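Take a look at the structure below. We'll walk through its pockets, its core and its ring pairs, one stop at a time.

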Amino acid sequence: MMPPTPELTLPEELLLLALDPQRGKPYCSGRSLEYGTAGAVLRELELQGRVTGQHGRIQVLNPLAPPDPLLAQVLGSLSAPGTGRPSGDTDTRRWVRQTGRYVQELCLEHLVRRSVLRRETHRFLGLLPYHRHPAADPALSLAVRDRFAAAEAAGFPDPRSRTLAALVSAVGLSGAVARGGLRQRWAMYSLVTEEWTAEAVYRNVRQDRANRNRRSHISGGGGSSGGD
């Protein structure tokens, strides 16, 4: 029997899936996980009837603050009726890219305050500080993984589990958490285009990959020198 899990939002579930419970290091690119966390917050707000996505833009349906302080803070930063800004003037992909780091830090702080995660400070080369977030109780991370595996075995039967699967695939986590092999990973990948927030996340991840490949090509002397 799985241990009881506290009430978790989508971004919190994604972070618990993504972080090594012992070392606190993500199993995927840290930048990609930032995008994924931002996308998960948007989808959580949509599931609560606060926002929706139309034609690549975020539209606020209900500007009243939800009980969760993080969701309330994010919702307050978006365009809303009565604020003097037109509803739906926020580009989803751009918002995910620009706010991912900030939103993820808010989520991590929230999980640390609730004693779900611990915060450890390390130093790169003994100088530059950085943080890791191992699980305060590794059994909770295992319970989240088991719950994801149960949804995977059932074919992700509900909107929430399909969104989480799409985000896992979009940020490059499916190899670390999927238990059904390559076929199941492809099934998760197919969900990305069905979920507007996951698609915005994936487009940013793909842009970063293209930028890295371009820089590698240039630094490696891949351009033509004119020949003879």
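A pocket here is an open set of grid points where a 1.4 Å probe fits, with protein on both sides within 12 Å along at least five of seven lines. Keep in mind that this is a predicted model.

Let's start with the largest pocket, which holds about 440 Å³ of space. Its lining is made up of 18 residues, and Gly30, Glu34, Gln104, His131 and Arg132 sit nearest the centre. Helix 2, helix 4 and strand 5 (128-132) are the elements that each give two or more residues to that lining. Sort the lining by class and you get seven charged, six nonpolar and five polar residues.

Next comes the second largest pocket, with a volume of about 220 Å³. Here 12 residues form the lining, and Glu13, Arg147, Arg160, Ser161 and Leu164 are the closest to the centre. Two elements, helix 5 and helix 6, give two or more residues each; helix 5 gives the most, with four. The classes in this lining are six nonpolar, five charged and one polar.

Let's pause at Ser161, one of those residues close to the centre of the second largest pocket. You'll find Ser161 in helix 6. Is Ser161 buried or exposed? Its relative accessibility is 10%, and because buried means under 20%, Ser161 counts as buried. Leaving out residues up to four places away in sequence, Ser161 touches Ala151 and Phe156.

Phe156 leads us on to the aromatic rings. There are three aromatic pairs in the count. In one of them, the ring centres of Phe148 and Phe156 are 5.5 Å apart and the planes meet at 55°, so this pair is tilted. Both Phe148 and Phe156 are buried. Another pair, Trp186 with Tyr189, is edge-to-face, with 5.5 Å from centre to centre and 90° between the planes. Trp186 and Tyr189 are about one helical turn from each other because they lie three residues apart in helix 8 (residues 181-190). Trp186 is exposed, at 55% relative accessibility, while Tyr189 is partly exposed, at 36%. Add Tyr202, and Trp186, Tyr189 and Tyr202 form one aromatic cluster.

Our last stop is the largest nonpolar core, a set of 57 residues in which Trp95 and Phe148 have the most contacts. Among the elements that supply at least two residues each are helix 1 (10-18), strand 2 (57-60) and helix 9 (196-219). Beyond its neighbours within four places in sequence, Trp95 is in contact with several residues, including Ala38, Leu42, Ile58, Val74 and Val103.

Conventions: Residues are numbered from 1 along each chain as its sequence is written. This is a predicted model: local features need pLDDT of at least 70, side-chain atom pairs count only at pLDDT 80 or more; totals for chains, interfaces and linings use all residues. Side-chain values use heavy atoms; hydrogens and water are left out. A nonpolar core is a set of buried Ala, Val, Leu, Ile, Met, Phe, Trp, Tyr and Cys residues joined through side-chain atoms within 4.5 Å. Buried means under 20% relative accessible area, exposed over 50%, partly exposed in between (1.4 Å probe, protein chains only). Contact means heavy atoms within 4.5 Å. On a 1 Å grid over the protein atoms alone, a cavity is a set of points where a 1.4 Å probe fits but cannot get out, and a pocket is an open set with protein on both sides within 12 Å along at least five of seven lines; lining residues have an atom within 4 Å of a point. Grid points are joined across faces, edges and corners, and a volume is the space filled by probe spheres set on the points. Ala, Val, Leu, Ile, Met, Phe, Trp, Tyr, Cys and Pro count as nonpolar, Asp, Glu, Lys and Arg as charged, and the others, Gly among them, as polar. Rings of Phe, Tyr and Trp (its six-membered ring) pair if their centres lie within 6.5 Å; planes under 30 degrees apart count as stacked, over 60 as edge-to-face and the rest as tilted.
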